[in-house]
Amino acid sequence: MTNKYLFGLTRKQCGVIYSASKKGSINLTQEMISFLYNKVCDFRMYATDATSDTRNKMSYMTDTLNAIFDNDYKKAQEYFEKAYAIETK
């Protein structure tokens, strides 16, 4: 039996989010940027070990990225803030 992994975003995907922040399309604090690079980029764990909070956090980060690609920066901001709220609760 093989274990399934839960993945975060790649460095390039995190760079897309960071770039949107640098352009002013979304508003990220320094703490949020640290969260992005330290907790989301290159994240990997066994899916069976992941809590529902971890799954939700990674899902929101994927939603953030997809919203940026769709040029829906308001939604991207909302999704990022939801992921960050899970991390900081």
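Biologist: Which residues of helix 1 are exposed on its other side, away from the buried ones?
Modeller: In this predicted model, exposed is a label for residues with over 50% relative accessible area. On the side of helix 1 that lies opposite its buried residues, the ones that carry this label are K12 and K22.

Biologist: And which residues of helix 1 are buried, and what arc do they cover around the axis?
Modeller: The buried residues of helix 1 are C14, I17, A20 and S21. An α-helix has 3.6 residues a turn, so residues three or four places apart point the same way. The buried residues of helix 1 are on the same side of the helix because the arc they cover around its axis is only 115°.

Biologist: Which helices do the buried residues of helix 1 pack against?
Modeller: Contact here asks for heavy atoms within 4.5 Å. By that criterion, the partners against which the buried residues of helix 1 pack are helix 2 (30-40), helix 3 (52-69) and helix 4 (73-88).

Biologist: How far does helix 1 reach from its first C-alpha to its last?
Modeller: Helix 1 runs over residues 11-22 and so has twelve residues, for which a rise of 1.5 Å a residue leads one to expect 16 Å. The reach found in the model is close to that expectation, at 16 Å.

Biologist: Which residues touch the most other members of the largest nonpolar core?
Modeller: This core has 23 residues, and the elements that give two or more residues to it are helix 1, helix 2, helix 3 and helix 4. Leaving aside residues up to four places away in sequence, M61 touches L9, I17, F35, L36, V40, F80 and A83. The members of the core that touch the most others are I17, M61 and F80.

Biologist: In what pattern do the helices and strands follow one another along the sequence?
Modeller: The secondary structure of the chain comes to four helices and two strands. Read along the sequence, these elements give the pattern β-α-α-β-α-α.

Biologist: What is the radius of gyration of the chain?
Modeller: For 89 residues the globule rule gives 12 Å, and the value for the chain is close to this, so the chain is as compact as a globular protein of that length. The C-alpha trace spans about 45 × 25 × 20 Å along its principal axes. The radius of gyration itself is 13 Å.

Biologist: What share of the residues of the chain count as buried?
Modeller: A residue is buried when its relative accessible area is under 20%. Of the 89 residues of the chain, the share that meets this cut-off is 34%.

Terms used:
Residues numbered from 1 in each chain as written. Predicted model: local features only at pLDDT ≥ 70, side-chain atom pairs only at ≥ 80, totals over all residues. Heavy atoms only, no water. Buried < 20%, exposed > 50% of the residue type's maximum accessible area, 1.4 Å probe, protein only. Arc of directions from axis to C-beta. Core = buried A, V, L, I, M, F, W, Y, C linked by side-chain atoms within 4.5 Å. Rg over C-alpha atoms; globule rule 2.2 N^0.38 Å.
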